[in-house]
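Biologist: Could you take me through this structure, beginning with the interior and ending with the charged pairs?

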Amino acid sequence: MERSGRDGGDARPHRGSTAPRHVALLVVVAALGLLLGACSNDPGQGSDPDPAQVDAVAPPADDACRRLVPDDLTRTVNATRTVACTEEHTAQTLVVGRVPDDVAGDGPDGDALVAWTARTCAARFADHLGAGESTALRTVLGWAWFGPSRRAWDDGARWYRCDLVGGGPTSSRLATLPGRTRGLLAGLPADRWMACARGASVQQGRRVSCAQPHDWRAVTTIRLGEARTAYPGDDAVERRTRQFCADSVAAWLRYPASYDYGYTWFGAAEWSRGNRRSVCWARTSR
């Protein structure tokens, strides 16, 4: 969920709309970097499908590159043909593996599989890019997971695939990835890969790379619990996020007399999938 406020000492948030359906968390989960797969095992084959991958029981190739489009990220099935990673591409496979039997027990649409895959892909995403938890939530890069088609699942396929992607399902187009992506967010990442927004507010603004003209920048995050911490409830999460972001953005802006800030917090569903952070936004063009 996203909120915004103006601060001259006391936070005065304005209630906004709920967060997008995705987010993988970024997503704003989708726009910020983590993409959960769609909630159903969609029969779609993806853009430019490879017949050999459609209904394939055998796992797909690891470390492969593809030219995915935003619509591909709304599905959990994808058979888009691979291309050489030296060619233009918008997605790169981070890991291919087998879903554990206890997770697969509820079928390809089960909550346990979605949650387990989300945690697995998010961890591999951050590790591959050299990103800490905060950076992983503030990048325009994202991840998506895919699994076998229903026919392949019924034939015994139990693989999963995590892809690094250059955006999210709400992007107008996915960004072209460089030929080498390992460590791309280590240290001080280039603005090209960090999340900003252009518009009157965070909630209404269009997500853009910070290398483009913008009005808001995702500058910090707050950790709200540990791995085993129970969800504290919407009111507690929003209150702690608002208080932290009012102070954190002030510090980031070097304590101006007045300033605008926004914040994105995530509910119980994303908490169950491993996200324990909220995102703070500063109104700034830098």
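Modeller: What follows covers the nonpolar cores, one buried acid, one helix and the salt bridges. Please note that this is a predicted model.

Biologist: Understood. How many residues does the largest nonpolar core have?

Modeller: The largest nonpolar core has 26 residues. Val-99, Phe-125, Leu-129, Leu-141, Trp-143 and Leu-164 have the most contacts inside it.

Biologist: Which elements supply at least two residues of this core?

Modeller: Strand 5 (91-98), helix 2 (101-104), helix 3 (111-129), strand 6 (142-146) and strand 7 (159-165) each do so. Helix 3 gives the largest share, nine residues.

Biologist: Is there another core, and which residues are among its members?

Modeller: Another core, of 17 residues, lies apart from that one, and Leu-224, Cys-245, Tyr-261 and Ala-282 are among its members.

Biologist: Back to Leu-164. What is it in contact with, leaving aside neighbours within four places in sequence?

Modeller: The contacts of Leu-164 beyond those neighbours include Phe-125, Leu-129 and Leu-141. Polar residues appear as well, including Thr-90, Gln-92, His-128 and Thr-181.

Biologist: And Asp-163: buried or exposed?

Modeller: Asp-163 lies in strand 7. With a relative accessible area of 0%, Asp-163 counts as buried, because the cut-off for that class is under 20%.

Biologist: What does its side chain make a polar contact with?

Modeller: The side chain of Asp-163 makes a polar contact with that of Arg-161, at 2.8 Å. Leaving aside neighbours within four places in sequence, Asp-163 is also in contact with residues including Arg-66, Leu-68, Thr-93, Trp-143 and Phe-146.

Biologist: Changing topic: how far apart are the end C-alpha atoms of helix 6?

Modeller: They are 26 Å apart. The 19 residues of helix 6 (residues 234-252) should span 27 Å at 1.5 Å a residue, so the two values agree.

Biologist: Which residues of helix 6 are buried?

Modeller: The buried residues of helix 6 are Ala-236, Val-237, Glu-238, Thr-241, Cys-245, Ala-246, Ser-248, Val-249 and Ala-250. Cys-245 also belongs to the core of 17 residues. Just after helix 6, Arg-254 takes a positive phi of about 65 degrees.

Biologist: Now the charges. How many salt bridges does the structure hold?

Modeller: The structure holds 12 salt bridges. In one of them, the side chains of Asp-48 and Arg-81 meet at 3.1 Å, N to O. This pair links distant parts of the chain, 33 residues apart: Asp-48 is in the loop between helix 1 (29-32) and strand 3 (65-66), and Arg-81 is in the loop between strand 3 and strand 4 (82-83). Asp-48 is partly exposed at 46% relative accessibility, and Arg-81 is partly exposed at 34%.

Biologist: What about Arg-150 and Asp-109?

Modeller: Their side chains meet in a salt bridge at 3.1 Å, N to O. Arg-150 lies in helix 5 (residues 150-154) and Asp-109 in the loop between helix 2 and helix 3, so the pair ties together parts that are 41 residues apart in sequence.

Biologist: Where do Arg-283 and Asp-260 lie?

Modeller: Arg-283 is in strand 12 (residues 277-283) and Asp-260 in strand 11 (residues 259-264), 23 residues apart. Their salt bridge is 3.9 Å, N to O. Arg-283 is partly exposed, at 35% relative accessibility, whereas Asp-260 is buried, at 16%.

Biologist: Which residues are joined into one network?

Modeller: Glu-133, Arg-223, Glu-226 and Arg-277 are joined into one network by salt bridges that share partners.

Notes: Residues numbered from 1 in each chain as written. Predicted model: local features only at pLDDT ≥ 70, side-chain atom pairs only at ≥ 80, totals over all residues. Heavy atoms only, no water. Core = buried A, V, L, I, M, F, W, Y, C linked by side-chain atoms within 4.5 Å. Buried < 20%, exposed > 50% of the residue type's maximum accessible area, 1.4 Å probe, protein only. Helix = DSSP H or I, 4+ residues; strand = E, 2+ residues; numbered from the N terminus. Contact = heavy atoms within 4.5 Å. Polar contact = N/O pair within 3.5 Å; in protein donor to acceptor, adjacent residues only side chain to side chain. Expected span 1.5 Å × (residues − 1). Salt bridge = Lys/Arg side-chain N within 4 Å of Asp/Glu carboxyl O.
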